[in-house]
Amino acid sequence: MPAKEDMQFRTQSHVQAPNGAQANTETPTRPQADSASASRPASPPAPEPHRDVIALDDVTLRYPAGDGEVVALAGFDLRVAEGERVAIVGPSGCGKSTLLSLTAGLLAPQAGVVTVRGQVALMPQRDLLVPWRSALRNAALALEAQGVPAREATERARPLFERFGLSGFEGSRTWQLSGGMRQRVAFLRTMLTGRPVLALDEPFGALDAITRGEMHEWLEVALAGEPRTLLLVTHDIEEALTLADRVVLMTPRPGRAAGELAVDRPAGSTRAEWTTSAEFSMLKAAALETLR
Ligand SMILES: Nc1ncnc2c1ncn2[C@@H]1O[C@H](COP(=O)(O)OP(=O)(O)O)[C@@H](O)[C@H]1O
Ligand SMILES: [Mg+2]
């Protein structure tokens, strides 16, 4: 189980990349040219309800490419409040993964300001499970990367297997697991970090439609038991409307926010009731119209 102190927001966040690399993000992450002033530690903030935990203001991110550069994001704005579930939907290449890397402190913008209060657990587009470790020891990696001894990390990961529908598969190698199970191990590992902000990059993109639907239901239950702020990147508008309170629609590259939709899913509605409702169809039509 996550340590209680891990759930508290901190002004200075320590970001653990899933591959074990480390990066320090501060609040705010300023453009690279101003990085010296960004490395000043700030005093811890008093807890305030309903404040933004993620704020991107007028952010531009360019990658060097050959002789020139690729502008992945230009003048991008986003705010995510504590406990909010926001989905980002946009065409391939519009800068969605870049946006998550900025939020997790793995990239700094050339212009604009990225402010993140709290620690971000990033689940990257590829699950990054290692084939020579069992499912349990893959999950334990999240804690080992934070300096927890291997045996203790394994014992802390073990109880989550039942909750995540993976009992009996602790000792399985990743190639013995179905696609949905691999995603659950990767997600379990992300949750195990105890970080209050989840940044999920197309977590169900590689799954067939039926398994994806099952994973949506499963994720809703998993998050109901352990509320977190969620930033979900997807190119699947139905997935966004099912899992998020708010959907931000992006333009093709360079990505900007093209519009957003508030999702007012009736409390207690099942996934089937919601996805077949008139409200859902209207939201989907509005999203497709904006994305066209
Ligand atoms: N490391 C990189 N170097 C150069 N170009 C990159 C790099 N990463 C991403 N890009 C380019 O930036 C754009 C946005 O990429 P990405 O954020 O991965 O988009 P998305 O996740 O929406 O598909 C794409 O055109 C991509 O080719
Ligand atoms: Mg991507």
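# Tour: two sheets, one helix, one ligand

Start at Val197: its bridge partner in β9 is Thr229. Now follow the chain between the two strands. It leaves β8, passes through helix α6 (residues 209-225) and arrives at β9; this β-α-β crossover is right-handed. Select β8 and β9 together. They pair in the parallel sense, over five bridges. Keep in mind throughout that this is a predicted model.

**Stop 1: strand β9**

Select β9 (229-234) alone. Is this strand buried or exposed? Six of its six residues are buried, so β9 is largely enclosed by the rest of the structure. Colour the two faces separately. Thr229, Leu231 and Val233 are on one side. Leu230, Leu232 and Thr234 are on the other. Both faces are covered.

Add β5 (residues 85-89). β5 and β9 run parallel and are joined by five bridges. Pick Arg85 in this pairing: it stands opposite Leu230 in β9.

**Stop 2: the rest of the six-stranded sheet**

Next, show β10. β5 and β10 pair in the parallel sense over four bridges. Click Val86 to find one of these links: its bridge partner in β10 is Arg246.

Extend the selection to β11. Strand β10 (residues 246-250) and strand β11 (residues 257-262) are antiparallel partners, with five bridges. A hairpin of six residues connects β10 to β11. Label Val248 here; Glu260 in β11 is its bridge partner.

Now show the whole sheet. In which order do its six strands lie? The order is β7-β8-β9-β5-β10-β11, in an open sheet with mixed pairing. β7 (120-123) and β11 stand at the edges. Each has a single partner strand, so one side of each is left without a neighbour in the sheet. Neighbouring strands are turned by 15° against each other on average, direction ignored.

**Stop 3: the three-stranded sheet**

Hide those strands and select β3, β4 and β6. These three form an open sheet in the order β4-β3-β6, with antiparallel pairing. The edges are β4 and β6 (111-116); each has a single partner strand, so one side of each has no neighbour in the sheet. From one strand to the next, the twist averages 25°.

Look at β3 against β4. Ten bridges join this antiparallel pair. Asp52 makes one of the bridges, with Ala81 in β4 as its partner.

**Stop 4: helix α2**

Bring both sheets back and add α2 (96-103). The helix lies across β3, β4 and β6, at about 120° to β3. It also lies across β5, β7, β8 (197-201), β9 and β10, at about 155° to β9.

**Stop 5: ligand 1**

Select ligand 1 and its shell. How many residues surround the ligand? There are 13, and the closest are Tyr63, Ala72, Lys96, Ser97 and Thr98. β3 (52-65), β4 (68-81) and α2 are the elements that give two or more residues to this shell. The largest share, three residues, comes from α2. Colour the shell by type: five residues are nonpolar, six are polar and two are charged.

**Last stop: the whole chain**

Zoom out. The chain has nine helices and eleven strands. Of its 292 residues, 38% are buried. Switch on a contact map if your viewer has one. Among contacts with a separation of 6 or more, 72% link residues 24 or more positions apart.

Methods. Residues numbered from 1 in each chain as written. Chains lettered and ligands numbered in written order. Predicted model: local features only at pLDDT ≥ 70, side-chain atom pairs only at ≥ 80, totals over all residues. Near = placed C-beta within 6 Å. Nonpolar A, V, L, I, M, F, W, Y, C, P; charged D, E, K, R; others polar. Pairing = 2+ DSSP bridges. Axes fitted to C-alpha atoms, helices over the stretch in contact; angles between N-to-C directions. Contact = placed C-beta atoms within 7 Å. Buried ≥ 20, exposed ≤ 12 C-beta atoms within 10 Å, placed from the backbone. Right-handed = clockwise from strand over helix to strand, strands pointing away.
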